[in-house]
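Student: Please pick one part of this model and take me through it closely, then work outwards from there. I'd like the cut-offs spelled out as you go.

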Amino acid sequence: MKHAVTYMTNLLCFCFLLILFTLLSCKKFVALEPPADRVVSATVFQSNETATAAVAGIYTQMMATSPFFSSGGMSIYAGLSADELLPNLPTLAETEFYTNRLQPGNGVVRLDFWLRLYKHIYQANSCLENLAAARTLSPGVKEALTGEALFLRAFCYFYLVNLFGDVPLVTGTDYRVNATLPRTPAQQVWAQITEDLKAAKEVLPQTAPSGKRVRADKWAAAALLARTYLYRQLWAEAEAEARAVIGSGKFSLVPDVNAVFLANSPEAIWQLAPVEEGFNTTEAIYLIPNTTITARPLYGITPQLKAAFAAGDLRASAWMATKTALGRSYTYPFKYKVKYSTPSVEYYTVLRYAEQLLIRAEARARQNKLEEARADLDSIRVRAGLAPTPVQDQASLLAAIEQERRLELFAEWGHRWLDLKRTGRLDAVLGAQKPTWQPYAALFPVPQSEILLNPALTQNGGYQ
Amino acid sequence: MRKLLILALLCPIFSMCQPLSVNGKVVNENGEPLTGATVAIQRATAMGPRATTDQNGNFTLTNLQLHDTLLVSAVGYETFREAIDFHFRSPVTVQLIRKISSLDDVVVIAYGTTTRRFNTGNVGRISAEDISRQPVQNPLSALEGRIPGLTVVQSGGLPGASISVQLRGQASLTQGSEPLFIIDGVPFAPNNNSVNRLSSSLSAGGAGLSPFSTINPADIESIEVLKDADATAIYGSRGANGVILITTKRGREGKTQFSLNYAAGFSKATRPVPMLNTEQYLRMRREAFAGDGVVPTVQNAPDLFLWDTTRYTDFRKLLLGGTAYTHTAQASLSGGSAGTTFLLSGGYHRETTVLPGPLSDVRGSLSLHLAHAPAHKRFSAELSASYAADRNTLVNAGLSNLLTVPPHAPALYTPEGELNWEEGGLTFNNPLAYLERSYRALSHNLTSRLQASYRVLPGLQLISSFGYNVFRVDEAARIPIHAQNPAQSPRGSAQWGGSHLQSWIAEPRLQYQYRGGKHNLELLAGSTFQQNSNRGLSIGAAGYDSDALLGSLAAAPGISFRSNTETQYHYTAAFGRIRYIRDGKYILNLSGRRDGSSRFGPGRQFALFGALGAAWVFSEERFVREQLPFLSYGKLRGSYGTTGNDQIGDYRYLDAWSVGQPYGGTTTLYPSNLYNPQYSWEVNKKLEGALELGFFQSRVLLTASWFRNRSSSQLVEYTLPSQTGFFSITDNFPALIENRGWEFELNTTNVATGVFQWTTRANLTVPRNELLSFPGIETSPYAATYVVGQPLSVLYRLRVSGVDPATGVFLFEDANKNGTIQAPGDYQVSGFAGPRLFGGVGNTIRFRNWDAHFFVVFKKQTGATYLNTLYTESLVPGAMLNQPVYVLDRWQRPGDQTGVQRYTTTPSSDAYAAVSHFRRSDGGYGDASFARLRTVSVSYHFSPHFLRKAKLQAARLYVQGQNLLTLTGYKGADPENQLLYAMPPLRTLTAGLQITF
């Protein structure tokens, strides 16, 4: 017993000394390895696989299950702001879009647009900075990823500058710089978009990895560049880019209008793939009403849009549907037809061939290449089951193209709202349809909370 | 109380003619010599010779006279008084008895114990007795109202609900402001953070499953709350928010005791908010349409057309009107002999809920304490271990969308006995279906600790303690197909979650004690090594086509989410303390710690903290004793020091990426947070001064303390504009924040006769929080949130000037007179939310075999009212949602002066538009003061006569009540947690029997 106690005390003294000794190396004790469930930047951009994952993460973030700007928000909210959709069960925020009386405190504008767009921009910027510094990636991978990040950044700024006008142009990741940036003039933002897309086009591969169209390739960059030139009214450049895409031979119009939005459709230039198991598109979930007899679609097609379709237009029957609830019938967009399925059969189409044809038609018409313009327009009309356009002069042709864009691209990524805005026709068109229309509503308000958090930001005219 | 004992007068009785001188020894109750005791002779006319005992407790007095009185006194002991007569012989051994006064109760402090008398710091305490009077499942709720400066708020009345604890105000803006919890020297791995990963009916308002549900209150000997710098600086970086030490029970030497305790009781919800009945609801809907100028049709008001408007279901009564039952059983075996003590105990607690259905919380616990400290050996050791398992069965849904179901909603069951979902084609949320969404959590908590000590030299001890705590939670939730509307062809889904938290700690230390003459010196030096790890896993499975398969992950057609977390926290420190007491009057306490924490970036991991405390027991001064004889105890103390806070989450300095869902077959990553390798320790400076007074032999004890805590460069989640890609970043906050206040504690013994005793304990806290400075606030993201010179909880908002009597819509003050109402231009300061004062008053009365205890807590405060919930959570009165009856005070016709604007249901209406201003206004805040009869306990102790006959050591019958009565003018559910649609705290009544063999 006594021996045992002596032994224990010696052991204890030894332990104590051991611990005191280790105290000397306590600096090491509090230096941790990075956590197992996360990866640090230095590691992420060391291997091709993880660097790819960092860029691919932007697509996952874009493909949310709520209608954020990139997962149905542009179609729905810009559709409400324009003359495409009306809210059947309006929330306060939706009413503000529909009546073009957005309050600077509107939560959708801040959380579903402003915040989401800048989140993607941060990730793209972070990828670009890290890729530039990366030394161990395969050259092909590094270039392609740089191209994708540039493309995605340009894509986000395209919507920011269109919706808000001047916006802070954030191109780095240092929050101390970014937090106090004021709004950059829209011209500079447009220039940045153009530069990014040109650079992206140079380095992106001809075909996106895996052969599917769910990640940006060279043609996605060219297609968005064509649209950018069109918006900047650089007609020749717009025509050239659209021609390159159309002439690539990789895309074609799908004869059956019901098959346009299917996964890997030949018409798709870039689609977002669903990330949730069993999901298709968020748009399908929000636009298609459920089957209970009282359920109304959340958003209906406006009577004006419905009336704009000519008799026999295949798009009217394939891309719109009607549901009767409590004795009243409601028409709603039906481009996406499947809410849930495993595997997913519909992908969320962002850039498609038909738009390139319409871009080229408009760019050509503006340059007075009327015959060629009409050919492009007619290919769209014929697919829709309509006769070739009868119009002859430039002005009528441009009007016909505007009308065709309205019908072909309705409830799709807010095309109508952005078209009316870029052509200066908002006041004429919406002024005639909406009694509450005010010209200042062409731009969304900068979110109130953001102005409170960054006093360098200013508000758009009309919202003070 | 004042009984004196001489256990041994070791003098033989003979000879009476010796010259009178006396020598002897003064010892304490354990027979150990008492150094520095005063031995004096009192004569009728003057004081005689005096002496002080030496290191061995010996003294000699000469020149004594017959009939002198010998007085022996030492601080903390009852004075010994004995007349010298013919029987008095030298040498004499005087045994002094500790004063039986709460001043000399043992108070547990960091790495040791002290007494209230000699403490230089501020330590609040509740004892096992205080806890045993309250029928509580969670030990934290026993603290409510009992410790000045401590606010304890229960998130709701469902078993397992989390309880937030805050000491001396909001110390941190956004980061953890919970104190550090230490159980028997081992940091509790989950601290006081909710441990659930899945949501359940506990999740309202950011609350969750409390980790303290796994701690049996009956196992606790005492809970100490360390408040000021003196008490907490030795915890360094973890001490900024205070420290709560939980000490478990130990065995005592003596006869082996076997004790049994059983109690059963029932509970009802307190103050559930009454909701509109069908008639009131229908009138509200019609009024809303009329006010909006909209004609109700089957499309916009289907509830008015498709449902039977004569039906009425009181969903509040259905959901909250039930009775919960509790059963508690406790058994313990304790005892010990020469140097060895043991305690074994086991507990069982079962509690159901007031919700309909077989929901419950069951806890089983075991604990063990063994100590071996042989009297003359150098080595001693102590082992304690406790294990508890808790099974919590609740619902995987919140209450709010159940309570707001319109009162004329369709019948809950179809005539066939199935759950009903619709009437006339209009569906509704069948509350009974929600109750079918199951949730269960199994928690396991194992805490163990070994402490070994070795006396190297007399006075010098080497102590090493090792602690290990593992906390595991295993959760599962199911949404079965039959709990969903079949018209929507639903699929079943299931979720699993698990957390595994672990902490180990090793603390070797050296302790030295020197006692010589008037000097008493204690030195402590030690080091800490601590590692926490936290692993979590959660998986959601969806698409089940059969409810029978919901328990199987393999049967799931799809995975809806999956995530894991894995974090580590390493902490190391070296600490020391010097404590010097001179003459039992002057006390100095110096403590310090050098800390290293893995939560900071390289180069910023170490920091130094320290504190100085001093006290003067002026009642020991002769002039005080002579001039103020009624003052039996008086102490002035003060402390100043620094502590830190590293509760900022792990790895915030890393530029880390998390794994997202795969995209097109590729793994994906996204940035976890903005990273900032620059942030460093925040500094929290605490200053305290206090006066402690005892009158009339300490029958009245009063403590008044004043504190001032200032924190600068606070670590916060600094809000950012979202153009940075994020909402916030962990950074040092440039502002200086102060928490100051007064705390008072009064303990009185009002009556103390043999058969009747009456004592009162009261405490009061007057807190105040202030943002002292914030350079550059105008251009910061906080320009519209905080105001310099105001509390952080300032209501800097639009001000509601009432409801317009003409239009019935809320009106707001146009503070800048520019003609429009806008944030932040029209923001004004309208007071602040939070308490102005709070406290508790308890009375304990003992009469013969009876004892009764009453405890009232009170709080004067401003809080969020029902209007805040209705308008900020878009539950606008007038919509197709039921409302609390408070909304009946709405505007109806021009000229009405009301507190609630008119009903509305159309988003384009002017009344609806006012809602967005209302959210940024002070309108949702109001008086939330209350007084609550928190505890009532009445016990009957069986008479010794009966006990002898029954061969028992003790037996007691008792009745206890909790939350029996609440007095408040608050508009809402519970004034404490201010959650309108959560389960209110319960009113509980139990009865039990305790017997000891």
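**From one strand pair to the shared sheet**

Tutor: Start at I182(B): its bridge partner in β14(B) is P187(B). This is a predicted model, where local features need pLDDT of at least 70 and side-chain atom pairs count only at pLDDT 80 or more, while totals for chains, interfaces and linings use all residues. Residues are numbered from 1 along each chain as its sequence is written, and chains are lettered from A and ligands numbered from 1 in the order in which they are written.

Strand β13 (residues 180-183) of chain B and β14(B) run antiparallel and are joined by two bridges. (Two strands pair if DSSP finds at least two bridges between them; helices are DSSP runs of H or I with at least four residues, strands are runs of E with at least two, and both are numbered from the N terminus.) That pair belongs to an open, five-stranded sheet of chain B, ordered β10-β15-β16-β13-β14, with mixed pairing. Its edges are β10 (123-127) and β14 (186-187) of chain B, each pairing on one side only.

Zooming out, chain B has eleven helices and 49 strands. Its C-alpha atoms fill a box of roughly 115 × 70 × 65 Å along the principal axes. The radius of gyration of chain B is 32 Å, which agrees with the value near 30 Å for a compact globule of 997 residues (taken over C-alpha atoms; the globule rule is 2.2 Å times the number of residues to the power 0.38).

Now for chain A. Here 77 residues of chain B are in contact with 76 residues of chain A, contact being C-beta atoms, placed from the backbone, within 7 Å. On the chain B side, strand β28 (residues 558-582) gives the largest share, twelve residues. That side has 37 nonpolar, 36 polar and four charged residues. (Ala, Val, Leu, Ile, Met, Phe, Trp, Tyr, Cys and Pro count as nonpolar; Asp, Glu, Lys and Arg as charged; the others, Gly among them, as polar.)

The two chains also share a sheet: an open, antiparallel one in the order β1(A)-β32(B)-β33(B). Its edge strands are β1 of chain A and β33 (666-671) of chain B, and the twist averages 45 degrees from one strand to the next. (Axes are lines fitted to C-alpha atoms, for helices over the stretch in contact; angles run from 0 to 180 degrees between N-to-C directions.) Three bridges link β1 (residues 38-40) of chain A to β32 (residues 656-663) of chain B, with V39(A) partnered by W657(B). Five bridges join β32(B) to β33(B), where S658(B) stands opposite Y670(B).

Across this sheet lies helix α4 (residues 48-62) of chain A, at about 80 degrees to β33(B). α4(A) also packs on α7(A), at about 170 degrees with the axes 10 Å apart. The two helices are therefore roughly antiparallel (over 145 degrees; under 35 is roughly parallel, 65 to 115 roughly perpendicular and the rest oblique). Among the residues that meet are A51(A) and I58(A) from α4(A), with H120(A) and L131(A) from α7(A). That contact divides into eight nonpolar, four polar and one charged.

Last, helix α5 (residues 69-81) of chain A and α7 (residues 107-133) of chain A have axes that come within 11 Å and cross at roughly 135 degrees, which makes α5(A) oblique to α7(A). Their contact includes G73(A) and Y77(A) of α5(A), and F113(A) and L117(A) of α7(A).

Methods:
Contact = placed C-beta atoms within 7 Å.
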